[in-house]
Amino acid sequence: MLDLEIAVNRPQRWDVPFGSDMRDEDVDRLLQVEPFRSMDADRFPAALPLRGILQNDTRITDHPDGSIVVREGDYGHSAFLVLRGRVNVVLEGLDPETLGRPPKASQGLFRSLAKMWRNPSLPEVRKHPVAENKLAVSRDQTGDLANTRVFLQDVPRILMGTRSVSLHSGEIFGELAALTRTPRTATVLADGDALLLEIRWQGLRDLMRRTDALRHHIERLYRENSLRVHLRETPLLTQLPAEQLEAVAAETVFETYGNFEWQANSEADGEQSPTSAIVNEPLIAEEGLPSAGLILVRAGFARMSQRHGHGHKTFAYLGKGQMFGTAEAIESYRSGNTAALTTSLRALGYVDVLRIPQSVLDKHVFPHVPDNLLETLHDKRAVYCTHHHCDLPHEKIGGQPGSVDTALLEFLVESRFINGQQAMAIDLDRCTRCDDCVRACAATHDNNPRFLRHGQRHGSYQVAHACMHCVDPVCMIGCPTGAIGRDMATGTVRINDQTCIGCSTCANSCPYDNIRMVEIRDSRGAILVDDATHQPILKATKCDLCVDHSGGPACQRACPHDALVRLDLGNLGKLSQWVNR
Amino acid sequence: MRPFASRRLTNSVLTVAGVAGITAWTVWQENKLGRADFHTGYVLIGAVLFLACYNLRKKLPVLPWTTSSAWLQAHIYIGLASAVVFGLHVGWKVPNGFLEISIAVLYCLAFVSGIVGLIWTRTLPPQLARLSEEIIFERTAMIRAQLRDRAQRVVLESVHASGATTLGEFYAERLQEYFERPRRLGYYLWPTNSLRRELLAELTAVRRYLSDPEQEKCEQLFALVRRRDDLDFQVALQWRLKGWLFVHLGLTYPLVLASCLHGWLAHLFDGGAL
Ligand code: HEM
């Protein structure tokens, strides 16, 4: 008979250590160097000992001279401590081409037509399967493609005339990008052979929690480098006098909720009932409790919900740069009594927030904000769209959630499609299944369609398997050669086919299954195999929004019935416009 | 007004205005005993060529300056307006001459197929969207084979578990063909659920003779019959959505060729106008 239950050990945080070969001696040695030497091991709980963190959340990596440690624009989930040797932080942006990400100029009409004409009849034909630029690639001895290193050749010439800073043993870098999941702001190269300790995000967070000096150090860096800019982007604080903004920055509290590795859990989350899924999401602020100031989302997503029957009804989701608790904070300021929150805020995956306490608002913010702005902010409880570019006029600061029905909203939140800035949404009530979109995609990509007209459905809406060019592009974490990267100007996530080594890290990380690994062939149709292993050479492929064609994504332009759009699903305004066409 | 509604209104107003203008001009020409047939002929052939060019646009998806949906809008309204121009051109009566009759028939068929297609492309997708499963047309044969195999397995398991052949006999008699063969052409043109209802009713009737283990398998057969019918329904609708376009496009090329020939001959025999 079929077993209905099978007992297994509950997956634990350290089931898969960050580095597989951290030995006890390595940990002993680490405990002798700063900053670990001055850490008080007794402040760590028994379940999360300092030793355990070092053993499981860190790894020691060798970086030969000239190798790229982090690349500007990359997304990462780890910080680095220099153990031995030196690294160079290049402060001025290096030429993207040097880093293996040549910008793609969009082709003119005639070149596009000529290219289409010459499209090979076989799938996945490559003329130049490997890089022909200044990058050199060295494979890991064990054959682990994910440990491949990329070198810049002739580093002195590349760095000539650029500003760079040298970091020596004992110095930490990359922590802000790791903690806030923002792109790395500089490229770091090994200057001579360097030994680094890479600390993954979870470990860094726990070390910070239990070590005041480290926490203060990192918070100070953030306060100095980016907090003011972030605060200024908030409508309420845009006009605040500089002196008051200083005071706000000094008192702002940093908080982090949820799991950074949300993509790993998203499939399991999908199996929970919607009610328990919401209840299990970490609470940032709870409906009915006294408001404790204003919450600004710094990174990630949060769900705003209200109790409804036995469950919770979602009515908006917030993303980077959006505020929560504004109305209640203003009410508290006006009445002198603390108002109760009318909605809850919960972390979807992982969220990083800034909290401005009520006392700071009362003293440094509200007295300096014009009454009419306060009035507007007070009336518009829910913020409308999650991503930065909310271009509808009434979306500037707030507004009631658009007329998108709650079930659709819940679907988008639960399946995390709100992450998509260019999701392929199909209105099945209009789609005649003609596949003109697929043919157009193939015609513009050497005869290889880069998406599947298939995917999760909600009623008559479908989100197809096409790269969504996510706000939080988890696929970009861990690419050993930096072949997958985001174009900073357009936000498009692209794969450089020539520097992709086929390790599948991106395809395995994409929670939406939107990256496909393909075997490639030469122009005569022969499958290309690795000289050493005789295994087929793989390349990661996905939608590139037709960046090299003028006119935008061919799929959308090829749809005769206005059924298919590329849509920012984090933008409720745009979504409601589309569903109410 | 919602964007689609306002687009419909604007395009309709423009079309009616254009058609009214052409009609008024033709009537005015005829009233002063002038000739309008060459002019209406040129407008008509221009319209037909433009309508046919939509196929070219579809073949060139890299063209940066147009969207297929804008083309289709122009296609639909110009297509509708072309009927009036056609009427004016033939003087609202059946033309004579083999070539002229052939062109008229081709045009009418292309026009009617366009209208039918327009109705189908607006009404069939919501019917497809209501089904619980979305299939890719090219995978139909594979899904059909999977359902057939599962049905066979269920029946064999039932025979093994119960030692009775009641369900097996019913399967061989009534369901085997249903699971093995695609539906007939009539179903593709006009899918109905009569066979599904018939089979489910017969299966319900057989149920009273089944033992407990067979009952369980019978439930699974019910589900498989329904799934197969849903699949056939989906395939029939998708087939129709593809098929009409095939006919519509198939009529286009002979129409374009014959119309060009007709225009050339008209000039040739028009008192040496060429
Ligand atoms: C009478 C002359 C007409 C000609 C020569 C013509 C020609 C064409 C051509 C060449 C296509 C493109 C087929 C393809 O490549 O897939 C097309 C598509 C279409 N036509 Fe016409 N057409 C005509 C009239 C009409 C009319 C009167 C209507 C409706 C009012 C119409 C509605 C459509 C529709 C809905 C499509 C297809 C859109 C899709 O891809 O789903 N056509 N027609």
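Contact here means heavy atoms within 4.5 Å. All views show a predicted model.

**View 1. The two domains of chain B and the contact between them.**
Domain 1 of chain B covers 3-131 + 248-270. Domain 2 of chain B covers 137-239. Their C-alpha centres lie 46 Å apart. Where they meet, 4 residues of domain 1 of chain B are in contact with 5 residues of domain 2 of chain B. Together the two domains bury about 470 Å², with 79% of that area on carbon and sulfur atoms. The side of domain 1 that touches domain 2 has 3 nonpolar residues, 1 polar residue and no charged residue. How many salt bridges cross this interface of domain 1 and domain 2 of chain B? The rule finds 0. For polar contact, the number of residue pairs between these domains is also given as 0, with both residues at pLDDT 80 or more.

**View 2. The interface of chain B and chain A.**
The size of an interface is often given as the accessible area lost when the parts come together. Chain B and chain A bury about 2,800 Å² between them. Of this area, 56% is on carbon and sulfur atoms. Chain B brings 34 residues to the contact, and chain A brings 33. In chain B, the residues that lose the most area to chain A are Phe4(B), Val62(B) and Glu134(B). Together they make up 24% of what that side buries.

**View 3. Salt bridges, polar contacts and helices where chain B touches chain A.**
Between chain B and chain A the count is 4 salt bridges. One salt bridge pairs the side chains of Glu134(B) and Arg457(A), at 3.7 Å from N to O. The rule also finds 13 residue pairs in polar contact across this interface, both residues being at pLDDT 80 or more. Which helices of chain B each supply at least two residues to the side that touches chain A? They are H1 (3-31), H2 (37-59), H3 (68-90), H4 (98-130) and H9 (212-268). H4(B) gives the most, with 6 residues. By class, this side of chain B has 17 nonpolar, 7 polar and 10 charged residues.

**View 4. A salt bridge that joins two chains: Arg7(B) and Asp562(A).**
The side chains of Arg7(B) and Asp562(A) meet in a salt bridge, 3.0 Å from N to O. Arg7(B) lies in helix H1 of chain B, and Asp562(A) lies in the loop between helix H17 (554-558) and strand E22 (564-567) of chain A, so the pair joins two chains. Is each partner buried or partly exposed? Arg7(B) counts as partly exposed, at 22% relative accessibility. Asp562(A) is buried, at 18%.

**View 5. A salt bridge within helix H15 of chain A.**
Asp436(A) and Arg439(A) join their side chains in a salt bridge, 2.8 Å from N to O. Both sit in helix H15 (residues 436-444) of chain A. They are separated by about one helical turn because they are 3 residues apart in this helix. Asp436(A) counts as buried, because its relative accessibility of 11% is under 20%.

**View 6. Salt bridges in chain B.**
Asp149(B) forms a salt bridge with Arg148(B). The closest N and O atoms of this pair are 3.1 Å apart. Asp149(B) is partly exposed, with a relative accessible area of 34%. Arg148(B) is also partly exposed, at 26%. A network of salt bridges links Arg144(B), Arg183(B), Arg196(B), Arg228(B), Asp229(B), Asp230(B) and Asp232(B). Over all chains, a search of the whole structure finds 49 salt bridges.

Technical notes
Residues numbered from 1 in each chain as written. Chains lettered and ligands numbered in written order. Predicted model: local features only at pLDDT ≥ 70, side-chain atom pairs only at ≥ 80, totals over all residues. Heavy atoms only, no water. Domains from an automatic or database assignment. Buried area = accessible area lost by both parts, 1.4 Å probe. Polar contact = N/O pair within 3.5 Å; in protein donor to acceptor, adjacent residues only side chain to side chain. Nonpolar A, V, L, I, M, F, W, Y, C, P; charged D, E, K, R; others polar. Helix = DSSP H or I, 4+ residues; strand = E, 2+ residues; numbered from the N terminus. Buried < 20%, exposed > 50% of the residue type's maximum accessible area, 1.4 Å probe, protein only.
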